[in-house]
Structure formats: structure tokens, C-alpha cells
Amino acid sequence: MASDRPVAAASSTAPIDQTPEWRALEEHHRTIADRHLRDLLAEPGREDWSVIDLPGVHADLAKHRADAETIRLLVELAQRAGLPERIEAMFAGEAINTTENRSVLHVALRAERGSTIEVDGRDVVADVHEVLDRMGRFSNEVRAGTWRGATGEPIRAVVNIGIGGSDLGPAMATRALSAWCDPGRIHRFVSNVDGAAIHEALADLDPATTLVVVASKTFTTSETLANARAARRWCVEALGEEAVARHFVAVSTNEAEVAAFGIDPDNMFGFWDWVGGRYSLDSAIGLSVMIAIGPDAFGEMLAGMRRIDEHVRTAPLDRNLPALMGLLGIWYTNFFGASSHAVLPYAEELARFPAYLQQLEMESNGKSVTLDGERVGWATGPIVWGEPGTNGQHAFFQLLHQGTQLVPADFIGVIEPNHPLLDQHDLLVANLFAQTEALAVGRTAEEVRAEGVDDELVPHKVFDGNRPTTTLLLDRLTPATLGALVALYEHKVFTQATVWGINAFDQWGVELGKVLAGRIAPELDPSSPEPTGHDPSTTRLIERYRRRADPSPD
């Protein structure tokens, strides 16, 4: 249950777009909007505010259409919105998820053993470490081969079944940390209710050597349970009913449903209602990750997150990396009218990171109602998208460079790779640096003509530049730096939600479609009554599907 302590209020009750700080930014935008990054980059002292070094992470914010005055004004806006107070309220366990009256304590999931964070008088950090210890013991058994399946064989494949945060986080992290995974064990992730997903995941596996992790807080999520039941049938057909207890474990809080499924409650790993799905990678939801990389490496990932938590609490806002990332995003969304944001990892292992951020950012900040229940009068969360470099350069970078849309972008690179092909890594990093330079500086008509280009082609080869980017350079992609990266974006999202005055921790927009799907599913059966109560288009689609499924002749 969430804490009943009052939530720290913002420092102003006026809508954020009616504050002096917002108006000051509007005025400042009029003075800086036409300035080009070629000129801004040459400003003396620019790196004083634009370069931030954290353990394992170097951030370069210089290629933004901003100057020191922009940062000062954005920080004042954050202070007006009460960002420092909201950060402390979150870490104190206050019920800042107001629509569900819950604390928001993903930061407690990586709190140091022995520290204290209380909710309703209970130290939740002790509870967290009790679960982490259980996860560690189980993971070590699987990794050492002492956890054996029903036929006495060790586990050689782990299949994680979940959806949303129960899939995206673990799948992203396992892929990102593949260099830490045991190469003798297969790790797969299934989320889509499309039967093709679970069928393909299991097709070449042996039930006798496969462990299935069913990740569902309530153990009632329809897509997850459909896939879990399919995996259960696959296991039982090969090994018998008794095998379920040795080949399935659960990450859930619903012991009754877990036991009814056939999973021994001793093999259930719980978490709490103050853990949101998209913030749950470092909870028991990360069990499949811990099996993949080991408890020690998982602990290093938590330590990387914890270092960013300490930074966001202690660094002044003008040197606070996640706060600045969030504020610069507000600068483009609300003052330049940008509607999307690209995340471009120049590291193949981070291929799933943009998809992970899509949920983290768009499910959190895709809101149109304030904490007070009023309609917002300003743009909120942008569309987040991206692909790994250099693939994207041969796909959508044309639009980034010469299109009519302003798309701020984050470029994420690695200095030391986890592979021995250093010549190729140099080429990859050269492309990263070249793209951010080209996006910022561009190429003028005069520069194109100086290359001897025919006049009729000159307009086609001009690059306006002035396209803003953030560059994040990791010393190396490790569990610690991955943890830092995840926490950076978590706190970036919270910064933006605070300024926009919205709740980043509920997701009511997910519910309506799920309710309607539950109603439509039985109507697809041709033997059921005719569908009623839908709009004409949906009714026609249901009827067409029923005709296709009806084996009787017309």
C-alpha cells in the first residue's frame, strides 16, 4: 500500500505555460531560434555547461540549439515546477503516483543493502534484498547445473514469457550484455500473443532442458497467460504434468494463480505495487537477466543505476545530466514544436534499447491530463524511435539531414568494444562522430559549389545543419554502464513529467483496448450471437472474420 504522507507540491499552482519562467523561455526562443549551431559551437566557454562526465559515461550536449542562458532559463523552469522537491518526494517513498495512490520506488530496487526507505513504516530495502538473495541462489543453481529438470538434465535454455515491461527490459538487457552471458545457454523472450512467437521460440528446444520464466505481476495478463499455457502444453505433452514444477517459475504477486498453474509457490519471485512495469528491470522481473549474466554482474548493473540515482539527487540542476536531458527535450517539444525524438545507439548490442525507451517514455509521458485532472495546454511526450547505427544511416537519416521535420536525436556510442574487431569499431565510431557533426554544421551552397558541383545540383546537396543532438559515450558497455544508461533515461522522463505536470507512473490509456479485446474475442466464434454495440466499421470487420472462420457453405 502506498504511503499516506502528503506529496511535495510544486512551487507554483499556475499552469506551467502561464508562469514567468515559461514566458521568459518563449522570449529567449525568439532571440536564439535563428542562430545556427555553427556559431553556437564557437562560443567561448561552451563546454563549461555542455560536457558532463559521470562514472563510465561521457555526455556532450554542445550540439544543441542552446546557450548558457537557455540552460539557466530551463533550470528556472524546473525549479518553478518543483523538480528538486519532487525528486526528494520520490526517494522518500511519498505517493507521487496520485491516480493509484502509490509510491514510486524503482530507486529502492537498487538501493544499497543496509540503507532505509520506508513505506507505511516498513523498510522496503530489506524486502528488496531478500528477493535479490533468493534470485541469486536460484540463478546460481541454474547456471551451475544443480537445478535440474524433470528428467534430471540441467537447464540449457531459458524462455522468458511476459509483455511490456516484463519483456522489453529483460530482452533489451540480455541482448546488451551478451558478452556476459554463458554461451552454452539459450535465452529467448516471448511477448506477442501471436501464436507464431511462442511456436518459433519453442520449436527447436528440448522440454527436458528448458526453463520457462512466466513474468506477470497479477498472473492474469491475457497475452502472457495465453503464451504460458501454450508452453505448458508443450512441456506436459513431452514430460507429463508433474514436470511443470521443475520447468516453470513465476515472477508474480498472485500466489493462488501461480499455484493453480502448477508452479510451486517456492519458485515464485515477488515484487511490489510501487514497481511500475516499465521501471521493473531491476526487480524480480530481471530474473531471466540474472540467470543470463549471473548475480554478480546483475549487482554491478544495480550499482550503475544507483550511481545515477545519487547524481540526480545531489548534482545542481545545471550540472544534472538526466535533468538537462529532460529539459532540453522540453525545449524542443514546447518551444521548437518538435514532435519526435530519435535514439540512435552505435552499438549492435543496444539494438533493443530504442524499443525499451519507447515504452519507458511514451507510456510514461503520453498523457494529456495534468495531475489535477485538467486538460494540458501544452505538448507532452514526443514519439520516440530509432535503430542502431550504421543501419539507420541507410534508411531514415535522409530525413534527419534534409527533411522538413526537426528531430532531436541521442547518439549513444562505446569507446572500448566487447569484440576484437577494432578496425570495424573505429569505422563505426567515425560514423557516429561524422553524423553528429554533419547534423550540426551542415554544408552551405558555397561549400558545395567549391567542390565543383553543377549549379542545378547545388540545392540538392546543401545540408542546412542546425539539427540538435546529444552524444553519450560509454567507456565500455558493461552491466554498470547499462544500468547507468537506464537510470539516466528514467530520471529524464521524470524531469519532463514534473515540468509538464503529468503523472509518469500510471497507464490508463492501455486499459480500454484490453477491455474491448476481451469483449470481442468470444464474438469471433461463428456460433456465438451476432456482435452488437460496436461502431459500424468494427462490426463489419468482426463479421468478415466470422465468415472466414465459418466452415459452413454460404
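Helix α7 gives the most to the lining of the largest pocket, with 4 residues. I start there because the pocket is my opening topic, and I should say at once that this is a predicted model.

So, the pocket. The space in the largest pocket comes to about 950 Å³. Its lining has 41 residues, and those closest to the centre are Thr221, Gly277, Glu363, Gln507 and Lys514. Four elements give two or more residues each to this lining: α7 (165-176), α9 (222-239), α15 (353-365) and α21 (511-523). By residue class, the lining divides into 13 nonpolar, 18 polar and 10 charged residues.

Next, the sheet. Please find the five strands in the order β6-β5-β7-β8-β9; they form an open sheet with parallel pairing. In general, strands of a sheet pair through backbone hydrogen bonds, either parallel or antiparallel. Which strands stand at the edges of this one? They are β6 (186-190) and β9 (268-269); each has a single partner strand, so one side of each has no neighbour in the sheet.

I will follow β8 through its pairings. On one side, β7, residues 210-215, and β8, residues 248-251, run parallel and are joined over 4 bridges. Within that pair, Val212 is opposite Phe248, and Ala215 is opposite Val251. β8 is also joined to β9, again in parallel, by 2 bridges. There Val251 has Phe269 of β9 as its bridge partner. Val251 therefore appears in both pairings, since it stands opposite Ala215 and is bridged to Phe269, and strands count as paired when at least two bridges are found between them.

Are the faces of β8 covered or open? Both are covered: Phe248 and Ala250 are buried on one side, and Val249 and Val251 are buried on the other.

Now to the loops, beginning with the one between α15 and β11. Lys367 is located in this loop. Is Lys367 buried or exposed? Its relative accessibility is 15%, and the cut-off for buried is under 20%, so Lys367 counts as buried. A polar atom of the Lys367 side chain lies 2.9 Å from the backbone oxygen of Asp506. Asp506 is also among the residues in contact with Lys367 beyond four places in sequence, together with Thr380, Ile502, Asn503, Ala504 and Phe505.

Val369 belongs to the loop between α15 and β11 (383-385) as well. Its relative accessible area is 37%, so Val369 is classed as partly exposed. Outside its sequence neighbours up to four places away, Val369 touches Glu374, Val376 and Ile502. Ile502 is thus a contact of Val369 and also one of the contacts of Lys367. For a distance across the model, take Val369 and Asp282: they are 87 residues apart along the chain, and their C-alpha atoms are separated by 29 Å.

The last residue is Asn466, in the loop between α19 (458-461) and β13 (469-476). Asn466 has a relative accessible area of 9%, so this residue is buried. What does the side chain of Asn466 reach at 2.8 Å? The partner is the backbone nitrogen of Leu37. Leu37 is also on the contact list of Asn466, which leaves out neighbours within four places in sequence; that list includes Ala33, Arg35 and His36 too. Other contacts of Asn466 are Arg65, Leu406, Leu439 and Ala440.

That covers the pocket, the sheet and the loops.

Definitions and conventions. Residues numbered from 1 in each chain as written. Predicted model: local features only at pLDDT ≥ 70, side-chain atom pairs only at ≥ 80, totals over all residues. Heavy atoms only, no water. 1 Å grid on protein atoms, 1.4 Å probe; cavity = no way out; pocket = protein on both sides within 12 Å on 5 of 7 lines; lining within 4 Å. Points joined across faces, edges and corners; volume = space filled by probe spheres on them. Nonpolar A, V, L, I, M, F, W, Y, C, P; charged D, E, K, R; others polar. Buried < 20%, exposed > 50% of the residue type's maximum accessible area, 1.4 Å probe, protein only. Contact = heavy atoms within 4.5 Å. Polar contact = N/O pair within 3.5 Å; in protein donor to acceptor, adjacent residues only side chain to side chain.
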